[in-house]
Amino acid sequence: MTISSDYQTHWDYAYQSSEITCETALRINTTEYEDAHIISSLLKITESVCTDLNKSISSSGSLQEIDFFDEADIFKLGFVWEYIVQKNIPLQDIISEISNRRNEILNQKLEWREYLNTQEIGPLEQIYRENEQTLKLIRIVDGCGSTYCVVNNKKEPILIIKPVDEDILCLNNSKHYGNPFNNGSYSLKRYVPLYTSHQAHLLCYLLSKELGIEGITPKCEIAIISSDKFHDLSSTISSENLQLLEQIGSKDLEKLCSIQEYIPHTKDFLTLMCEYLKKGDSLGILDVLDNDNIEDLNLLLWASYDNDAHPGNFLVTEIVDPHTQKVTIKLIKVDNAMSFPEHNIGFDNFLFTFDVKRDSISDRLRKKISSFKEENIANLMKDLKFSKSSIESFIERISILKELSRRESISLFEINLRFALLGRSNGKDLALSDYSIPELEAILGSDHLLDTTSRISL
Amino acid sequence: MKLIHKKTGCVIAEQKGDQIYINDPFIEAEIKLKGIAIPSFLSENFEGKSIVRMGDPLFNKAFKTVYLQFNLKKDAFSWE
């Protein structure tokens, strides 16, 4: 088997379409992170800047930002600013919230530094060792949260870095989703707390290992990284508002981050779907998907109860059999930030609709589910500081999954349907009920018993 | 008006009059079954609803401002 040679990587696409800015100076903290002496010696950062990329951005991306923001939006928050205006929240209250968030971000970093000091070298060590050379940090403009890419001197991307405080609706987001508040009302997914993406990214990788499906989501580590090019809310304050800097506290460009391996030779699933739709053969995609891969992905998504598994969060690798020229598509789940919610609510699995045959799940999958030791993941969740309710929700859904997987003719579609209904007020009963698929579809498609806020109040 | 995937030129959805038609069968099936989930920070813009379904007067707005933004990677598409 070989990987199709005409595949264009995401990186190629981003590079050619100038959707990136180039920055410098990635530095792993060398004094506090136990393994940092190894990492820092491997990640030697250049001071040079890729001027071509800077030019392209200055003529496109930045203009869009200038047009977007309300002049009164002094912190360049973007979407949340509309709500501040609607609710007439006084400036002093916003400043107070920002100051609180800064303290929380700092304390969170200190807390995780203690954890990192106890950890052994992580799964990305090999990548660090293979790239003992000058590296650059690239900010990727695409998406709603800040994502940075580490590239080697051949301009090959090798790592993806996501600072926690630059996620969507976190304080230092630079993509119109900055947010001084931290409560359920101002979140993307009500039951996925803000400032926890690093935990979810790492746990999903560890979960894939525990399930015996490593490779289905990128390898991941947590690290504290500093870069003078990371974004801080204070950098958006104009000269006439400099007095605000004292009130909101000093900036900190040393950040708690997730680091993930970059997966080369891929494109996103949405692009693949569009290619099939363009040639008038949407359903043809079903003939090239790998059944085992789809089952494994569903297993990962059930266990993590992903709230954000939309088509853009799957990467596609195309494998061509050199003898038969038969093409097989395998998917990889990326961006697991909205996984392991506080409660089993908000399940979002786009693969839901791909099980058109609704055949019974394989014995292979049943065996994986029955032999899964959920207590190992529950223990990891404790180590990774997940809340009690998040752990309890995980235990509950695995128990339900094990029970469902013992049903003789159950399909991927039916399990997804029942898992989606877990979010209703009598969700567990619905998930384990004897309702037929059409009955379950009717319930899911209606607002009957739809739970939004009554079940849990954050 | 057509919603075009820039890289492939594929028309993934079309608006005719007040109606949005989704051309991709998987996306259409997903939305028909589950509706469009509204992020909590935007729910006030949708009369406090957590889900907007097809047929709801707010559906077009939900598709354009929520589904396109958070489920389909808005930057990959253009309305023409």
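Below are three exercises with worked solutions on a predicted model.

**Exercise 1.** Describe how strand β7 of chain A is placed among its neighbouring strands, and state how far it is enclosed.

*Solution.* Begin with strand β6(A), residues 147-151, which is joined to β7(A) by four bridges in the antiparallel sense. One of the residue pairs here is A:C149 with its bridge partner A:I160 in β7(A). The hairpin formed by β6(A) and β7(A) has five residues between the strands, and in this hairpin A:K155 adopts a positive phi near 65°. Next, turn to strand β9(A), residues 254-261, which pairs with β7(A) over five bridges, again antiparallel; in β9(A), A:Q260 is the bridge partner of A:I160. Finally, consider burial: six of the seven residues of β7(A), residues 157-163, are buried, so the strand is largely enclosed by the rest of the structure.

**Exercise 2.** Determine how many residues of helix α10 of chain A are buried, and examine the backbone just after the helix.

*Solution.* The helix covers residues 269-278, and nine of its 10 residues are buried, which leaves it mostly covered. Among the buried residues are A:F269, A:M273, A:C274 and A:Y276. Just after the helix, A:G280 has a positive phi of about 70°.

**Exercise 3.** Work out the order of elements in chain B, and assess its compactness.

*Solution.* Chain B contains two helices and six strands, arranged from the N terminus as β-β-β-α-β-β-α-β. Its radius of gyration is 12 Å, close to the 12 Å given by the globule rule for 80 residues, so chain B is as compact as a globular protein of that length. As for burial, 36% of the 80 residues in chain B are buried.

Note on methods. Residues are numbered from 1 along each chain as its sequence is written. Chains are lettered from A and ligands numbered from 1 in the order in which they are written. This is a predicted model: local features need pLDDT of at least 70, side-chain atom pairs count only at pLDDT 80 or more; totals for chains, interfaces and linings use all residues. The radius of gyration is taken over C-alpha atoms; the globule rule is 2.2 Å times the number of residues to the power 0.38. A residue is buried if 20 or more other C-beta atoms lie within 10 Å of its own, exposed if 12 or fewer, and partly exposed in between; C-beta atoms are placed from the backbone. Two strands pair if DSSP finds at least two bridges between them.
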